[in-house]
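Visitor: Please pick a single part of this model and go through it closely. I would like the contacts, the secondary structure around it and the way it fits with the rest, in one connected account.

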Amino acid sequence: MSREGYIAVVNGPNLNMLGRRQPGIYGTATLDDIVASLRAGFPQLDIRHECRQGEGELVELIQRFGTDPACCGIVLNAAAYTHTSLAVADAVAAVDVPVVEVHLSNIYAREAIRRTSLLSPVCAGCICGFGAAGYALAVRALLQMK
Ligand code: DQA
């Protein structure tokens with residue numbers, strides 16, 4: 001991956017509630033904490049963050065970042081849309097920029113509905129179950145991609 005551009009981190013619905021949202025599942029770090037620690041961990045990188053509630057908004061962000069020549073990769077936690085949104089999956093498939101899927105929780109160890117990801121088949125890879133650390137792991141994955 002070229003280190004010249006920026007990395008986009010895109011979070012979906014209810015992730016703005018991290019810190020108070022089911023901390024036994026998602027941990028106690030807020031989204032601001034996660035983004036701050038990501039930037040602190042990769043001071044050489046330009047990390048841009050967006051959090052949106054709507055499916056169409058996620059589609060628009062993926063299209064915007066995914067077609068921006070300055071964007072080198074996208075870290076995507078589409079939250080519940082992971083399991084339901086063909087539109088988000090189609091947006092990921094439509095762009096050439098690598099997209100790494102992230103989940104704080106291990107979605108494969110949870111309810112049956114969460115064990116299906118429509119995004120995994122179109123993403124470069126998936127990191128789940130490592131809590132907030134998963135975002136840094138996803139950035140590392142992007143950095144080691146050619
Ligand atoms: C999540 C897992 C999803 O199933 C859930 O809907 C979320 C968060 C995670 O990060 O573990 O909102 O993507």
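## His103 and its surroundings

Guide: Leaving aside its neighbours within four places in sequence, His103 is in contact with Asn77, Thr82, Cys126, Ile127, Cys128 and Gly129. The model is a predicted one. His103 belongs to strand 4, and its relative accessibility of 4% is under the 20% limit, so it counts as buried.

His103 is one of the residues around the ligand, and the others in that set are Arg21, Tyr26, Asn77, Ala79, Ala80, His83, Leu104, Ser105, Ile107 and Arg114. Within this set, three side chains have a polar atom with a listed distance to the ligand. For Asn77, a polar side-chain atom lies 2.8 Å from an oxygen atom of the ligand. In the case of Ser105, the distance from a polar side-chain atom to a ligand oxygen atom is 2.6 Å. For His83, an N or O atom of the side chain is 2.6 Å from an oxygen atom of the ligand.

His83 sits in helix 4, residues 81–84. With a relative accessibility of 13%, His83 counts as buried. Beyond four places in sequence, His83 touches Ile107, Ile113, Arg114, Thr116 and Leu118. Ile107 and Arg114 are themselves among the residues around the ligand.

Ala79, another residue around the ligand, is in the loop between strand 3 and helix 4. Its relative accessibility is 12%, so Ala79 counts as buried. The backbone deserves a check here. Most residues other than glycine have a negative phi. Ala79 has a positive phi of about 55° although it is not a glycine. Gln22 is another case, with a positive phi of about 35°. Gln22 lies in the loop between strand 1 and helix 1 (23–26), and with a relative accessible area of 43% it is partly exposed.

Now for the sheet that contains strand 4. What is the order of the strands in this open sheet? The five strands follow the order 2-1-3-4-5, with parallel pairing. Strand 2 (46–51) and strand 5 (125–128) are at the edges, where each has a single partner strand, so one side of each has no neighbour in the sheet. From one strand to the next, the twist averages 20°. His103 touches Cys126, Ile127 and Cys128, among others.

Strand 3 and strand 4 run parallel and are joined by three bridges. One bridge partnership links Ile74 to Val99 in strand 4. Strand 3, residues 71–77, pairs with strand 1 in the parallel sense over six bridges. Bridge partners there include Tyr6 with Cys71, and Ile7 with Gly73. Helix 3 (residues 55–66) packs on the sheet, where it touches strand 1, strand 2 and strand 3, and its direction makes about 175° with that of strand 1. Seven of the seven residues of strand 3 are buried, so this strand is largely enclosed by the rest of the structure.

Helix 6 lies across strand 1, strand 3, strand 4 and strand 5, and runs at about 150° to strand 3. In soluble globular proteins, nonpolar side chains tend to be buried together. Here the largest nonpolar core has 22 residues, of which Val75, Tyr135 and Val139 touch the most other members. Strand 1 (6–11), helix 2 (31–41), strand 4 (99–103) and helix 6 (133–144) each contribute at least two residues to this core. The largest share, five residues, comes from helix 6. Apart from this core there is another, of 21 residues, including Ala8, Val10, Val97 and Val99.

Tyr135 leads back to the ligand site. Not counting residues up to four places away in sequence, Tyr135 touches Val9, Asn11, Leu15, Ile34, Leu38, Val75, Asn77, Val102 and Leu104. Of these, Asn77 and Leu104 are among the residues around the ligand. Asn77 is also a contact of His103. Asn77 thus appears in the contact lists of Tyr135 and His103, and has a polar side-chain atom 2.8 Å from a ligand oxygen atom.

Key: Residues are numbered from 1 along each chain as its sequence is written. This is a predicted model: local features need pLDDT of at least 70, side-chain atom pairs count only at pLDDT 80 or more; totals for chains, interfaces and linings use all residues. Side-chain values use heavy atoms; hydrogens and water are left out. A nonpolar core is a set of buried Ala, Val, Leu, Ile, Met, Phe, Trp, Tyr and Cys residues joined through side-chain atoms within 4.5 Å. Buried means under 20% relative accessible area, exposed over 50%, partly exposed in between (1.4 Å probe, protein chains only). Helices (H or I, at least four residues) and strands (E, at least two) are DSSP runs, numbered from the N terminus. Contact means heavy atoms within 4.5 Å. Two strands pair if DSSP finds at least two bridges between them. Axes are lines fitted to C-alpha atoms, for helices over the stretch in contact, and angles run from 0 to 180 degrees between N-to-C directions. A residue is near a molecule or strand if one of its heavy atoms lies within 4 Å of it. A polar contact is a pair of N or O atoms within 3.5 Å; within protein, one must be able to donate a hydrogen and the other to accept it, and residues adjacent in sequence count only if both atoms are side-chain atoms.
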